[in-house]
There are 4 protein chains.
Amino acid sequence: MMQAGEIESALSDLVIANRILANENVVDAYGHVSIRHPRDPQRFFLARSLSPDRVERGDIMEFDLEGNPTGGDARQPYLERFIHAAAYAARADVQAVVHAHAEDVLPFGITAAPLRPVIHSGSFMGLHVPVWDIADRFGPDTNMLVTNMEQARDLARCLGPNNVALMRGHGFSAAARSLIEVVRMAVYIPRNARVQMNALRLGREIRPLHDGEIAARDLGYKPYSLETRRAWRYWAHKAGCAHLVEEQPVDHVHKPWGSE
Amino acid sequence: MMQAGEIESALSDLVIANRILANENVVDAYGHVSIRHPRDPQRFFLARSLSPDRVERGDIMEFDLEGNPTGGDARQPYLERFIHAAAYAARADVQAVVHAHAEDVLPFGITAAPLRPVIHSGSFMGLHVPVWDIADRFGPDTNMLVTNMEQARDLARCLGPNNVALMRGHGFSAAARSLIEVVRMAVYIPRNARVQMNALRLGREIRPLHDGEIAARDLGYKPYSLETRRAWRYWAHKAGCAHLVEEQPVDHVHKPWGSE
Amino acid sequence: MMQAGEIESALSDLVIANRILANENVVDAYGHVSIRHPRDPQRFFLARSLSPDRVERGDIMEFDLEGNPTGGDARQPYLERFIHAAAYAARADVQAVVHAHAEDVLPFGITAAPLRPVIHSGSFMGLHVPVWDIADRFGPDTNMLVTNMEQARDLARCLGPNNVALMRGHGFSAAARSLIEVVRMAVYIPRNARVQMNALRLGREIRPLHDGEIAARDLGYKPYSLETRRAWRYWAHKAGCAHLVEEQPVDHVHKPWGSE
Amino acid sequence: MMQAGEIESALSDLVIANRILANENVVDAYGHVSIRHPRDPQRFFLARSLSPDRVERGDIMEFDLEGNPTGGDARQPYLERFIHAAAYAARADVQAVVHAHAEDVLPFGITAAPLRPVIHSGSFMGLHVPVWDIADRFGPDTNMLVTNMEQARDLARCLGPNNVALMRGHGFSAAARSLIEVVRMAVYIPRNARVQMNALRLGREIRPLHDGEIAARDLGYKPYSLETRRAWRYWAHKAGCAHLVEEQPVDHVHKPWGSE
């Protein structure tokens, strides 16, 4: 019972995450978000090939860490599911992954200028945001998509211990210790990118966040604090699925009154 | 029966295309999209003079490749229908044409900077995007509109074997081997343009797509793959005409489970 | 009867114009649009002090060319109604006036860079767009608003024979030979401004419209052509007042089938 | 009776202010607005920890000028309520405070370029907009949030007699003599920021407002004039709470017919 409830709660959150990312223009018909199976770290959940704004509970499939559907599920999966599989395989701490093509992040993937936290809501992308270029290892003739485990493992290596990797001419992949955190990053990374680009209009000297500020914010982060859930509820409400947030059984909401 | 069904299916898709382009801000009251007649390559379909967001099945007219309405249809056509006629006349491979004034593409038509694919969703515009200047051949005193076949043929010559031609101070025209593809280009070209403009804020060195990447993506493109139709459905849903997509008879949807 | 119908038709159009300008973000709570009285050139119509998105038929007041309400109408008028009065007094050809603060036009009022037509839909602002600085004649201590006839006449002098004058740090005023035309200008001027600003990202060499192109477009303009009314209907539809367009008695729509 | 009515009217306005700021994208899930208690200058009103778009009358808490909830209210307050407490404590003239992270203001907090009034609707931010950097006094290892009175007092000192202080990498805080005024500032400051940034594209020479213009506008400002309330009603209408504006008892609306 407990386990079933926990999984249902996680899948409900995954539906919400899909809708939020669509409504906040982080994804359009393309891009996807996954969570690791709460009870089996060798599995993860990801929707079948469908626009995130249309994903419902029944559209979610289970995969192993090679990107293969489990249990003989024959539905069409996303072509780039391997991105998720490789991130979970490489990093035991990762509980949720987003891959998206958010427009305002893309300029940083095609120039030498590093994307970095310049506003406090962007701090969670971390000190260093590497850029992965598929052509470096797979040559200049790919279709740019990550369509097998070899490519996905190379991307995971580039990501390393960081939270976000840009993908040249394509998008970004983000990994986090909770679904709420990866969604928050995916929403605020484009905002940080816009602020950073606009600041460049005003002069080349930008004061980014201090390393200590990034670290302090990271240490203080609590995914189930009231402050953190406030944003989740806000985005869910805007995306028309506040009812899914309300339905969530209270006993699976850990630490509802964070001390943050 | 088969033929009638195929034509009805094509016209239904053309209505959807009108609505998508309007909803995605590719067109406003002006701009238009056409398809070649599926059974008669000397004919094409295009709405009467109407805002694309209002186009319904009954508003679609048939034209010959000189831009004349067929069958004595006396309704008012678009002034610039010749753009479509000349594109179909010049290129047997072209099945669909869009002419639009999407704002973020316009800067590339009035400067020397070439628009080129810098993101993977922009790859379908192809390696080279020529700029057509009506004044080059028709002088500096036109009203800038393409209002006869002579002007339209000149534009088609400039387009050549490419997928998109910019029109100085006016807009762009795109031609493709399927309606879904031309709509996709028309939506993603402005996005590519914005990313390219924003990247310039970050420094002059931009890494565009490799020629091999553009070619690989072009080769792999399948208009009726699940991946491709996903975007079509997504845009149709946002534009309030998902019901038209659902209505479409299944037997006219070729290769619904693409291997892409 | 004829006269009453003509005036009612004009006032209905003025309501639509208010709603369009609000919906297209040309005005917010501030900014206004007027028409000259169709039968009495010494009078003009303008709403009482109200947000344009809320203006209805009963909110429209009549003014003389000194900006005084006629017939003892004691309702609160707009503070800057004098802009309209002075434009009608100075220019017999002007039938409609817009004053607004559209954000993307404002940068051109505070720098030396001239706003000029660079896209065909921007052609109607004309070859020359002067900038009026209230401080030039009224000193650096005004509240920047045009609150009397002396200031308004100075602005009208700056406007001269042109269609648009920018107002430093404030907005713009546009004057045209028809309501449809002034609304169209007010919608497309900000678009032209954005394209011009974005083109500057791509390099300093911009190819604006040729003088002959601006003149040809101006000569060919017909406010009641089908092409022109198409945009009016489109914007009205988006603004939720398509029903007002439909209601309009056909016998007051001159030249419905323009040859443009 | 009178007092109760006045307080209820003030709290109703505070609910409207929350909704307006959310709808105008000044705040998202984060950011907040407060008013000083109309009868007890040692108290202020601020919502409990909740997204501003969801705030209702029952969510508003009362605080003392140390940021402590009064009357044993045990609900979770905003972490940064101290910003408000310190502003009211330092400035007897301040009646309302906004703290927000509006995206387009943020670039000015991380560069040396000063934000300053360049459009008339931005005049109310005043001649000088200081930038507060939390690291100057509290070091480079904070989480950047203002979470105690010591930090908040330092911010209030930086604000000094000005209306707005930017907060490096974080947002801004604005203080005004009325709620309507602080909301207006919060909406128009980002617009002024955008115009200022865009003007820089056109050349480095920007003509900002004259000091005398800023002063004249400030002197003429009347929070309850018809002109001022027009914007309030407009924003409330857009935010879906026009009904709250209408409900407001007329006898608590001071000076409804301003002579502005």
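Is D:Arg194 buried, partly exposed or exposed, and what is its relative accessible area? The third legend below has the reply, and every panel shows a predicted model.

**Figure 1. A salt bridge within one helix of chain A joins A:Arg157 and A:Asp154.** The closest N and O atoms of this pair are 3.6 Å apart. Both residues belong to helix 4 of chain A, which covers residues 149-159. They sit 3 residues apart, about one turn of the helix. The two partners have contrasting surroundings: A:Arg157 is exposed, with a relative accessible area of 52%, whereas A:Asp154 is buried at 12%. The aspartate counts as buried because its value falls under the 20% cut-off.

**Figure 2. In chain B, a salt bridge ties B:Arg194 to B:Asp104.** Here the closest N and O atoms lie 2.8 Å apart. This pair links distant parts of the chain, with the two positions 90 residues apart in numbering. B:Arg194 comes from helix 5 (residues 179-201), while B:Asp104 is in the loop between strand 4 (96-100) and strand 5 (131-132). For B:Arg194 the relative accessible area is 26%, so this arginine is partly exposed. B:Asp104 is buried, with a value of 16%.

**Figure 3. D:Arg194 and D:Asp104 meet through their side chains in chain D.** Their salt bridge has an N to O distance of 2.8 Å. Distant parts of chain D are linked by this pair, whose members are 90 residues apart. Look for D:Arg194 in helix 5 (residues 179-201) and for D:Asp104 in the loop between strand 4 (96-100) and strand 5 (131-132). And here is the reply to the opening question: D:Arg194 is partly exposed, with a relative accessible area of 26%. Its partner D:Asp104 is buried, at 17%.

**Figure 4. Shared partners join salt bridges into one network across chains A and B.** From chain A, the members are A:Asp28 and A:Glu103. From chain B come B:Asp104, B:Arg191 and B:Arg194. To set this view in context, the count of salt bridges over all chains is 80.

**Figure 5. B:Gln196 is a buried residue in helix 5 of chain B.** Its relative accessible area is 8%, and this value is under 20%, which means that the residue counts as buried. Which residues does B:Gln196 touch, leaving aside those up to four places away in sequence? The contacts are with B:Phe108, B:Pro114, B:Leu115, B:Arg116, B:Val118 and B:Ile206.

Note on methods. Residues numbered from 1 in each chain as written. Chains lettered and ligands numbered in written order. Predicted model: local features only at pLDDT ≥ 70, side-chain atom pairs only at ≥ 80, totals over all residues. Heavy atoms only, no water. Salt bridge = Lys/Arg side-chain N within 4 Å of Asp/Glu carboxyl O. Helix = DSSP H or I, 4+ residues; strand = E, 2+ residues; numbered from the N terminus. Buried < 20%, exposed > 50% of the residue type's maximum accessible area, 1.4 Å probe, protein only. Contact = heavy atoms within 4.5 Å.
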